[in-house]
Each structure stands twice: as structure tokens, then as C-alpha cells.
Amino acid sequence: MKTLFDKAVFQLFCKPGEVIEVRIPKVYGKSPAWGDEYAKGTVSGYFDDHAAFCKAVMQADKALHDGIYFTLQVIDRRLIGRAFNRLKPAQHTTSDLSVIAYRWLPVDLDPVRPSGVSSSDVELSEAMALREAISLHVTKELGLPHPIQGMSGNGGHLLFRLPDIPVSEQTILFVKKNLEAIAGRFNTNKVSIDTTVFNPARIWKLYGTKSRKGDEVPAGPGREARPHRVSYIDRIGVEHV
């Protein structure tokens, strides 16, 4: 299993000289991860240094939060001036206007369940099982390389590499329409493709951190376990190495 704590994986998403934002919504309280400042709402930081990134994110994952995310696409390098290789209570986060290019076509396969709860093992397995059919379809129809495959903590992920296409109305529409087409073809009554992840500044689960949606529920009589899981990448094709 791979995570963004592996430098080679980090550089798939943040090449040398580039910057990514780490964002943690729904924070409440103090943590050494953000300098022991009191935070209520969103904590954010911008990173171009992998060691600083790992230190900050590992500390943050010990704090109370629903999930830790990062900017998936290529963003304006000047944003690092907002929080230089550190996390802090956020005044600003990355907007669509600060994204330079699409690098990934993201597909998020989410088990159908009530909002605010983690997925069961059965629900997760249904989402993960659907990834291969979508992968084969998209690589055939769009001619894209085989995707990076991941697990978000509650569902499945596919990331199809794009040739760093500049953000424009046309490319936003391209991503949006393709996600809608994938959802129209592959949605089931058990797994839904998230069509809202098309916007350039969309944040994505940070692989290697824990998803903490709702309470962690143990198995019991008439009750499925709903654990808090650590997200990961389980396949990186040779096209991305």
C-alpha cells in the first residue's frame, strides 16, 4: 500500500517546484500541528517540502477531525506565501481561479448509505469492486493511461492522468461531462459516482490519513462494523512511475 508519505508518491501530485494545499475542515481546538493556535473551522497550509509536509500531516492526523484533504490539480505556486510549509487556521483556501491546470480526472466511488456514517466492509467492497470496470471503460473511450487506484477510507478512488491541460471553461466542462457520463453508465443502487468533483480546486482525501466520518461502530448483534480506516493507494501503474 502506498501513501503521500512516500516521497515518490508525493511527487506524482506535487512535482519539484510545485505546491499543494493541505486542508482540514471542521477542526475545533488546539494542536501542535497548527502551532497550538486555537482553531474553529478550517485549518490549511501550503507545502513544497516533503519532510515538512509529512511532519505536519502526521501531527494533524492525531487531532480531532473528519478527514484531511489536499488539492489534486496544479495550483499557483505563489499561494505558499499564505502558510509556508506549515498548517494554520485558514483565512483563505485555494479557489478555482488559483488552479493552473488539470492533471487528473478524479473518480470517487461512494457506497450508498446515510450521510454522516462510515461505510461497512461490505459497502466498501462493493465500491472497490466497481473500479476495474470503470478503469477499462475510461481507458478505452478516452485513451487515458490506466489509473492510480485508491481507497478513500469509505469508498474507492480512480485517478486518470491528464496531460496537464490548462484550466478553462472548456476543460472544466470536459471533466464535468465525463464524470456525468461515467456516473450515468456505472451508478448502481449500492454505489454512486460523485459528479461534484469536477471543479479545479476540488480537494481529495490525503492518502495515509484516517477517515473519521461519524462515530466508529463495532460489530454487534444485528449491527455491521463501521470502522474509521486509513486511506491508501493500492495500485500505481507503470505509466505513473
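**Buried charges, salt bridges and a helix crossing**

Modeller: Let me open with Gly67, which counts as buried at 0% relative accessibility. Please keep in mind that this is a predicted model.

Biologist: Happy to start there! Which residue is 145 residues apart from Gly67 in sequence and yet 6.0 Å apart in space, C-alpha to C-alpha?

Modeller: Gly67 belongs to the loop between H2 and S3. Leaving out residues up to four places away in sequence, Gly67 touches Arg23, Ile24, Pro25, Lys205 and Lys210. The residue at a C-alpha distance of 6.0 Å, despite those 145 residues, is Arg212.

Biologist: Let's follow that lead, then. How far is Arg212 from the nearest side chain of opposite charge?

Modeller: Arg212 sits in the loop between strand S10 (203–205) and strand S11 (232–235). Arg212 is buried but has no salt bridge. A salt bridge would need a side-chain nitrogen of Lys or Arg within 4 Å of a carboxyl oxygen of Asp or Glu. The nearest side chain of opposite charge belongs to Asp61, and the distance is 4.3 Å.

Biologist: Which residues does Arg212 touch, once those up to four places away in sequence are set aside?

Modeller: Asp61 is one of them, and Asp61 is also the nearest side chain of opposite charge. The full set of residues touched is Asp61, Ala63, His65, Asp66 and His228.

Biologist: Asp66 is on that list. What is the relative accessible area of Asp66?

Modeller: Asp66 lies in the loop between helix H2 (50–60) and strand S3 (69–71). Beyond its neighbours within four places in sequence, Asp66 is in contact with Lys26, Ser211, Arg212 and Lys213. Asp66 counts as partly exposed because its relative accessible area is 34%.

Biologist: And how far apart are the C-alpha atoms of Asp66 and Pro25?

Modeller: Along the chain, Asp66 and Pro25 are 41 residues apart. Pro25 is also among the residues touched by Gly67. The separation of the C-alpha atoms of Asp66 and Pro25 is 7.3 Å.

Biologist: Lys26 came up as a contact of Asp66. What is the phi of Lys26?

Modeller: Lys26 is placed in strand S1 (residues 20–29). With a relative accessible area of 63%, Lys26 is exposed. Lys26 is not a glycine, yet its phi is positive, at about 60 degrees.

Biologist: On to charge pairs. How many salt bridges does the structure hold?

Modeller: Side chains of opposite charge can pair when their charged atoms come close. One of the pairs is Arg23 with Glu21, whose closest N and O atoms are 2.9 Å apart. In total, the number of salt bridges is 13.

Biologist: In that Arg23 pair, what is the relative accessible area of Glu21?

Modeller: Arg23 is buried, with a relative accessible area of 12%. Glu21 is buried too, with a relative accessible area of 0%.

Biologist: Which residue meets Arg103 in a salt bridge?

Modeller: Arg103 is in strand S6 (residues 99–111), and its partner is in strand S8, 61 residues apart, so the pair links distant parts of the chain. Arg103 is buried at 1% relative accessible area, while the partner counts as partly exposed at 29%. The N-to-O distance is 2.9 Å, and the partner is Asp164.

Biologist: Which residues are linked with Arg103 in a network of salt bridges?

Modeller: Asp164, the partner in strand S8 (residues 156–166), has a positive phi of about 45 degrees although it is not a glycine. Asp164 also has a place in the network. Linked there with Arg103 are Glu18, Arg161 and Asp164.

Biologist: And which residue forms a salt bridge with Arg113?

Modeller: Arg113 counts as buried at 15% relative accessibility, whereas its partner is partly exposed at 29%. Their closest N and O atoms are 3.1 Å apart, and the partner is Asp110.

Biologist: One last stop, the helices. At roughly what angle do the axes of helix H4 and helix H5 cross?

Modeller: The axes of H4 (residues 131–142) and H5 (residues 169–186) come within 11 Å. The contact is made by Ala133, Ile134, His137, Val138 and Leu142 of H4 and by Asn178, Ile182, Arg185 and Phe186 of H5. The crossing is right-handed. H4 and H5 are oblique to each other, because the angle is roughly 135 degrees.

Terms used
Residues are numbered from 1 along each chain as its sequence is written. This is a predicted model: local features need pLDDT of at least 70, side-chain atom pairs count only at pLDDT 80 or more; totals for chains, interfaces and linings use all residues. Side-chain values use heavy atoms; hydrogens and water are left out. Helices (H or I, at least four residues) and strands (E, at least two) are DSSP runs, numbered from the N terminus. Buried means under 20% relative accessible area, exposed over 50%, partly exposed in between (1.4 Å probe, protein chains only). Lys and Arg count as positive and Asp and Glu as negative; His and the chain ends are not counted. Contact means heavy atoms within 4.5 Å. Axes are lines fitted to C-alpha atoms, for helices over the stretch in contact, and angles run from 0 to 180 degrees between N-to-C directions. Angles under 35 degrees count as roughly parallel, over 145 as roughly antiparallel, 65 to 115 as roughly perpendicular and the rest as oblique. A crossing is left-handed if the near helix is turned anticlockwise from the far one by less than a right angle, and right-handed if clockwise.
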